[in-house]
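Hi,

Here is the structure I promised to pass on. Have a look at it first, and then read my notes below.

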Amino acid sequence: MFVLRNPIREYAWGSSTHLPRFLGTEPTGDPQAELWIGAHDGDPSYLPDGRALNDVIAAAPHELLGQAVCDTFGARLPYLMKVLAVAEPLSLQVHPSSSRARIGFAREDAAGVPLDAPHRSYKDTSHKPEMIYALTRFEGMAGFRDTEKSAQILRMLDLPWADDVAHRLESGPAFQTLRAIVTEMLAHTGPDLESLLSDIREAARHAEERGHREEMRANPVRVDPARINREATRVFAMVGKLIAQYPSDPGVLVTLLLNHVVLAPGEAMFLDAGVIHAYVSGLGVEIMASSDNVLRAGLTPKHLDVPELLSVTNFTPMPGPQWLPSVNASHHCHLEPPVPDFALTVGDVPGVTAPASGPRTIVVLDGEVDLLTGHETLTASRGQTVFVGDADGPVRIDGHGRVAIGGVQV
């Protein structure tokens with residue numbers, strides 16, 4: 001077992017208080033967005049003796065990962081955990097599938113784009129499905145909303161542009177129509193875009209104030225009006241804030257078509273490859289395939305790759321991607337998404353159990369816990385992380401607290 005020292009990434013959208021409070025450190029005043037916990041070559045965790053976790057795993061993969069993981073994923077830790085501290089919306093983004101990642105990585109390598117270049121889209125050859133488990137109220141936008149619902153929400157704006165988009169959404173096949181509309185939205189530029197966003201901001205403010213009661217009575221729909229009303233209120237409030245922050249960014253237009261997802265503490269959301277999304281606010285534990293491949297279309301000063309994003313995005317409408325965990329009587333939940341790269345267990349100590357084998361990453365969310373294997377005992381408290389290798393065998397978790405445990409589904 002190793003107590004890990006984990007790097008922090010200071011992106012502009014991060015909170016200046018969430019991570020310091022979680023880690024028990026003094027705030028620096030700068031935004032601290034992501035605590036990386038894992039063995040990704042781009043920013044690995046470190047052992048107390050200064051060795052990087054990726055190097056330690058490469059030197060003894062079978063001992064730390066186990067034969068089954070090595071046979072399935074090779075000599076690498078297949079998952080990456082993070083603690084996300086979101087104070088402002090992240091970029092509008094999509095993650096690629098494994099095949100697209102391999103193709104994109106090879107293409108940028110052949111073009112001589114350095115791995116650390118800010119304009120590089122593919123940093124590795126892995127897909128990046130991900131799951132976020134909410135520690136506080138957590139907001140995000142994820143996946144394209146049912147087109148009928150989006151049309152109803154757009155009509156509430158009472159704008160010719162929005163009415164036109166609504167009519168198109170109601171008139172054509174969802175996948176093709178959404179692809180065409182989003183492509184046109186992201187091509188908007190210049191004064192016309194700024195004027196449109198300004199009009200949308202004002203219309204959204206009025207629609208939010210009206211409460212949409214008259215619109216709902218005048219335009220009965222086949223879906224639950226109350227549900228549309230609640231989501232519309234959140235959408236209009238969010239789009240106004242986004243336009244104030246990004247007054248000339250066409251990515252804001254796309255957010256009008258996305259599910260607005262609100263997670264309560266203890267709820268989770270799974271995003272597969274191709275699902276367009278942007279997190280908005282909150283603190284959460286994230287686990288994903290070990291990758292840093294991000295294709296962005298807006299809401300960020302970072303590199304945008306709109307053509308590549310459009311080519312990998314899934315334009316099929318979907319419900320909000322909440323993931324319902326299995327919860328047992330000892331108040332811990334286990335989440336197994338439809339990918340083998342990772343699984344996540346969150347629960348109270350005593351009571352929660354860790355997988356008996358394979359690599360395990362234990363993040364202490366609250367309290368102080370003792371981790372006991374057949375030959376070693378470690379104590380860890382809130383904000384600390386312990387990596388347990390396959391050769392350590394079963395690990396017992398005692399004490400009083402709450403932990404998040406990352407593992408592999410093989």
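Let me start with one pair of side chains: R145 forms a salt bridge with E231, with the closest N and O atoms 3.1 Å apart. By salt bridge I mean a side-chain nitrogen of Lys or Arg within 4 Å of a carboxyl oxygen of Asp or Glu. The pair links distant parts of the chain, 86 residues apart: R145 sits in the loop between β7 (138-144) and α6 (147-155), and E231 in helix α11 (residues 225-245). Helices (H or I, at least four residues) and strands (E, at least two) are DSSP runs, numbered from the N terminus. Both R145 and E231 are buried, where buried means under 20% relative accessible area, exposed over 50%, and partly exposed in between (1.4 Å probe, protein chains only).

Before I go on, the basics: this is a predicted model, in which local features need pLDDT of at least 70 and side-chain atom pairs count only at pLDDT 80 or more, while totals for chains, interfaces and linings use all residues. Residues are numbered from 1 along each chain as its sequence is written, and side-chain values use heavy atoms, with hydrogens and water left out.

**More salt bridges**

The count comes to 17 salt bridges. One of them joins R9 to D292, with 3.7 Å between the closest N and O atoms. R9 is in strand β2 (residues 8-9) and D292 in the loop between β10 (277-289) and β11 (295-298), so this pair ties together parts that are 283 residues apart in sequence. R9 is buried at 15% relative accessible area, and D292 is buried at 16%.

R382 and D366 also meet in a salt bridge, at 2.5 Å from N to O. Here R382 lies in the loop between β17 (377-381) and β18 (385-388), and D366 in strand β16 (residues 360-372), 16 residues apart. R382 is partly exposed, with a relative accessible area of 33%, and D366 is partly exposed too, at 37%. As for shared partners, salt bridges join R9, D43 and D292 into one network.

**Helix α8**

The 14 residues of α8 (residues 174-187) should span 20 Å at 1.5 Å a residue (taken as 1.5 Å times one less than the number of residues). The end C-alpha atoms are 20 Å apart, which agrees. Which residues of α8 are buried? They are T177, L178, I181, V182, M185 and L186. These cover an arc of only 150 degrees around the axis (from the directions of the C-beta atoms), which puts them on the same side of α8. The face turned away from that buried side carries the exposed residues Q176 and A187. Covering the buried residues, by contact (heavy atoms within 4.5 Å), are among others β7, α6, α7 (160-171), α12 (251-255), β11 and α13 (306-312).

**Strand β6**

Five of the five residues of β6 (residues 130-134) are buried, so the strand is largely enclosed by the rest of the structure. Both faces are covered, with E130, I132 and A134 buried on one side and M131 and Y133 on the other. β6 pairs with β10 in the antiparallel sense over five bridges (strands pair if DSSP finds at least two bridges between them), and M131 stands opposite I287 there. Four bridges join β6 to β9 (residues 268-271), also antiparallel, and in β9 the partner of M131 is F270.

**Cysteines**

There are zero disulfides, a disulfide being a pair of cysteine sulfur atoms within 2.5 Å. C70 is buried at 12% relative accessibility, and C333 is buried at 5%.

Cheers
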